[in-house]
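Thanks for coming, everyone. I have one structure to walk through today, so let me put it on the screen and we can go through it together.

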Amino acid sequence: MTLTSQPDVPALRVLGLTVAYDRTLAVDRADVELEPDRVYGLVGANGSGKSSFFGAVMGRLPQPPGTVEIFGLPGRSARERSLVAFLPQADGLAADLPWSVAEVVATGRYGRLGPTRRPRAADRQAVGDALHRVGLPELARRPIGELSGGQRKRVLIARAIAQQARLIILDEPFAGVDETATAAISGVLRDLADSGVTILLASHDLDGLVGLCDEVLLWNRRVIRRGEPAEMIKPEALLDVFGLTAGGPTAGERERR
Ligand SMILES: Nc1ncnc2c1ncn2[C@@H]1O[C@H](COP(=O)(O)OP(=O)(O)OP(=O)(O)O)[C@@H](O)[C@H]1O
Ligand SMILES: [Mg+2]
């Protein structure tokens with residue numbers, strides 16, 4: 001498939017996207033365009049609508065108004081073709097899930113299995129390669145429930161790699177992860193971008209974003225500013241998204257008052 005190698009086709013193109021819950025406007029007419037093969041950081045206060053934005057892009061919310069295109073395809077078609085993978089803020093893997101690490105990674109192949117739906121040698125190879133890529137080949141047979149939080153994040157990145165997703169969206173991949181695992185995850189994400197995968201991640205680890213991202217998007221229900229990571233994490237830039245007083249109400253909270 002040559003879709004992703006077309007020049008000028010954005011990895012993600014969002015126009016006028018709005019997510020409204022009963023009492024909250026979480027995403028307000030957001031426009032976002034991301035170029036392929038880059039790492040993007042999304043930075044915004046708690047409650048500023050980052051997860052809601054991801055949910056809408058992933059088709060997890062009932063038909064929000066707006067347009068989502070992934071590599072030039074409507075969001076739904078891109079998802080059906082396994083072009084995009086998503087790692088949610090909470091991984092949702094039950095501690096007693098009786099699956100091995102390799103089995104979890106293999107679920108990334110489901111969308112790509114042939115008509116027999118049976119994994120072939122190429123699928124097994126892809127699972128092994130993906131675990132190698134995230135530095136966990138020795139854990140392949142371990143039950144997923146026995147892994148630490150940081151290891152599980154890496155397993156889910158391996159699943160996205162096995163899926164051959166061209167856009168990987170990660171919601172807070174560094175939350176609750178120690179420095180060593182953060183460095184390991186950052187290294188894997190950087191490698192992926194260098195090999196033709198677009199990465200979009202939400203993170204509160206501002207310093208960590210500087211070495212990792214090509215561009216940072218400051219978010220408050222929509223993109224407020226975007227640019228060089230080192231510029232975007234300066235206090236002057238962050239004032240725009242986090243408000244003038246530390247600990248003050250977020251836009252969402254002000255709205256509910
Ligand atoms: N399912 C829901 N029902 C109603 N309101 C919701 C729901 N999910 C989120 N919200 C509200 O929408 C707003 C945005 O929430 P969201 O989780 O998207 O923010 P966030 O930027 O991801 O925050 P955080 O940094 O804490 O993860 C918040 O005010 C939240 O209370
Ligand atoms: Mg969130």
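Let's start with G135, which sits in the loop between α4 (121–133) and α5 (149–162). A quick word before going further: this is a predicted model, so please listen with that in mind. Is G135 buried, partly exposed or exposed? Its relative accessibility is 35%, and because the partly exposed class lies between 20% and 50%, that is where G135 falls. If you want a partner to look at alongside G135, try A158: the two are 23 residues apart along the chain, and 9.4 Å separate their C-alpha atoms.

Now, where does that loop belong? The domain assignment splits the chain into domain 1, made of 9–83 + 166–257, and domain 2, which covers 93–165. Taken over C-alpha atoms, the centres of domain 1 and domain 2 are 25 Å apart. How many residues are in contact across the two domains? On the domain 1 side there are 19, and they touch 13 residues of domain 2.

Let me zoom out to the whole chain for a moment. In secondary structure we have 10 helices and 10 strands. The C-alpha trace spans about 55 × 35 × 35 Å along its principal axes. For 257 residues, a compact globule would have a radius of gyration near 18 Å, and the chain comes out at 18 Å, so the two agree. Of the 257 residues, 49% are buried. The chain exposes about 12800 Å², with carbon and sulfur atoms supplying 49% of that area. And if you take the contacts between residues at least 6 apart in sequence, 69% of them join residues at least 24 apart.

On to the strands, and a reminder for anyone new to the group. Strands of a sheet pair through backbone hydrogen bonds, and the pairing can be parallel or antiparallel. We have examples of each here.

First, the antiparallel case. Four strands make an open sheet in the order β2-β1-β4-β5, with antiparallel pairing. Which strands lie at the edges? They are β2 (25–34) and β5 (73–74), each of which pairs on one side only. Between β1 (residues 12–20) and β2 there are six bridges, and the two strands run antiparallel. To find the register, look at V14, whose bridge partner in β2 is V32. β1 and β2 also form a hairpin, with four residues between them.

Next, the parallel case, and here I'd like you to look at β7, residues 167–171. This strand is mostly covered, with five of its five residues buried. Which way do the side chains point? L167, I169 and D171 go one way from β7, while I168 and L170 go the other way, and all are buried.

What about the neighbours of β7? β6 (residues 84–87) runs parallel to β7, and four bridges join them; L87 stands opposite L170. β8 (residues 198–202) is also parallel to β7, this time with five bridges. There, D171 has A202 as its bridge partner in β8.

The last thing to trace on screen is the path from β7 to β8. Together with helix α6 (residues 179–194), these two strands make a β-α-β unit, and it is right-handed. That's my tour, so over to you for questions.

Definitions and conventions: Residues numbered from 1 in each chain as written. Chains lettered and ligands numbered in written order. Predicted model: local features only at pLDDT ≥ 70, side-chain atom pairs only at ≥ 80, totals over all residues. Heavy atoms only, no water. Buried < 20%, exposed > 50% of the residue type's maximum accessible area, 1.4 Å probe, protein only. Pairing = 2+ DSSP bridges. Right-handed = clockwise from strand over helix to strand, strands pointing away. Rg over C-alpha atoms; globule rule 2.2 N^0.38 Å. Contact = heavy atoms within 4.5 Å. Areas by Shrake-Rupley, 256 points an atom, 1.4 Å probe, with all protein chains shown as cover. Domains from an automatic or database assignment.
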